[in-house]
Amino acid sequence: NNEECNIIKLRDIVDTMSGEYITKSKMVQGVYPVYGGGNITNHVNIFNRENELIINKDGVSHNCVRFENGKFYLNHHGWTLKYKKPALKEYINNWLFHHQELIYDLATGSAQKGISKEKFLSLEVKIPTNEQFIKDIGIELAKIKDLREEIGNLDGIYKKFVHELCES
């Protein structure tokens with residue numbers, strides 16, 4: 001099916017929300033994973049995000065976009081997104097996840113690659129003009145999101161049981 005598409009710059013539909021610098025005093029061991037420039041770096045007892053797409057902006061690797069289900073702490077090396085057009089959230093999240101190579105290619109630097117906000121928000125996204133198609137695919141993508149959340153919940157239950165088993 002050849003849908004008609006508009007090409008829209010990311011800045012017209014989202015804005016980036018930086019994570020927060022985590023001080024040593026806040027670095028208290030806990031259950032919430034810390035994300036920023038890549039994989040989990042620690043676990044702390046506070047969180048500042050929940051069920052969000054994470055874009056690594058510093059220390060960028062080929063896997064620079066991830067969905068994180070549940071509560072987590074996002075440090076200053078990563079972004080989550082604020083949607084100017086919330087109806088496009090699932091579509092855009094999945095588009096970004098499946099176009100990580102475009103995001104990685106924006107990164108510059110020799111030791112630790114980083115992405116500028118300006119370059120990221122200049123990315124062009126193809127969005128179908130058919131509103132019913134967007135609604136239909138949004139429903140299907142929401143189902144995928146729900147399944148990811150359920151997997152995250154089951155993983156949490158598993159970790160709890162293992163922790164209790166090993167602690168007793």
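Start with the sheet: in this predicted model, six strands form an open sheet in the order 2-7-5-6-3-4, and the pairing is mixed. Now select residues 14–18 and 42–44. These are strand 2 and strand 4, the edges of the sheet; each has a single partner strand, so one side of each has no neighbour in the sheet. Turn the view and follow the twist, which averages 45° from one strand to the next.

Next, pick residues 29–35 and 65–74. Here strand 3 and strand 6 run in the parallel sense, paired over 2 bridges. Want a spot to zoom in on? Try Y35, whose bridge partner in strand 6 is L74.

Keep strand 6 on screen and add residues 89–97. That's helix 1, packed on the sheet and touching strand 2, strand 5 (49–56), strand 6 and strand 7 (78–83). The direction of helix 1 makes about 115° with that of strand 6.

Now for the core. Show the side chains of L10, I92, L96, I103 and F120: they have the most contacts inside the largest nonpolar core, a set of 29 residues. Which elements give two or more residues to this core? Colour strand 5, strand 6, strand 7, helix 1, helix 2 (100–106), helix 3 (117–121) and strand 8 (124–128). Helix 1 supplies the largest share, 4 residues. In soluble globular proteins, nonpolar side chains tend to be buried together.

Last stop: centre on I103. Setting aside neighbours within four places in sequence, what is I103 in contact with? Select I55, C64, V65, L96, I115, F120 and L123, and you have the list.

Definitions and conventions:
Residues numbered from 1 in each chain as written. Predicted model: local features only at pLDDT ≥ 70, side-chain atom pairs only at ≥ 80, totals over all residues. Heavy atoms only, no water. Pairing = 2+ DSSP bridges. Axes fitted to C-alpha atoms, helices over the stretch in contact; angles between N-to-C directions. Contact = heavy atoms within 4.5 Å. Core = buried A, V, L, I, M, F, W, Y, C linked by side-chain atoms within 4.5 Å. Buried < 20%, exposed > 50% of the residue type's maximum accessible area, 1.4 Å probe, protein only.
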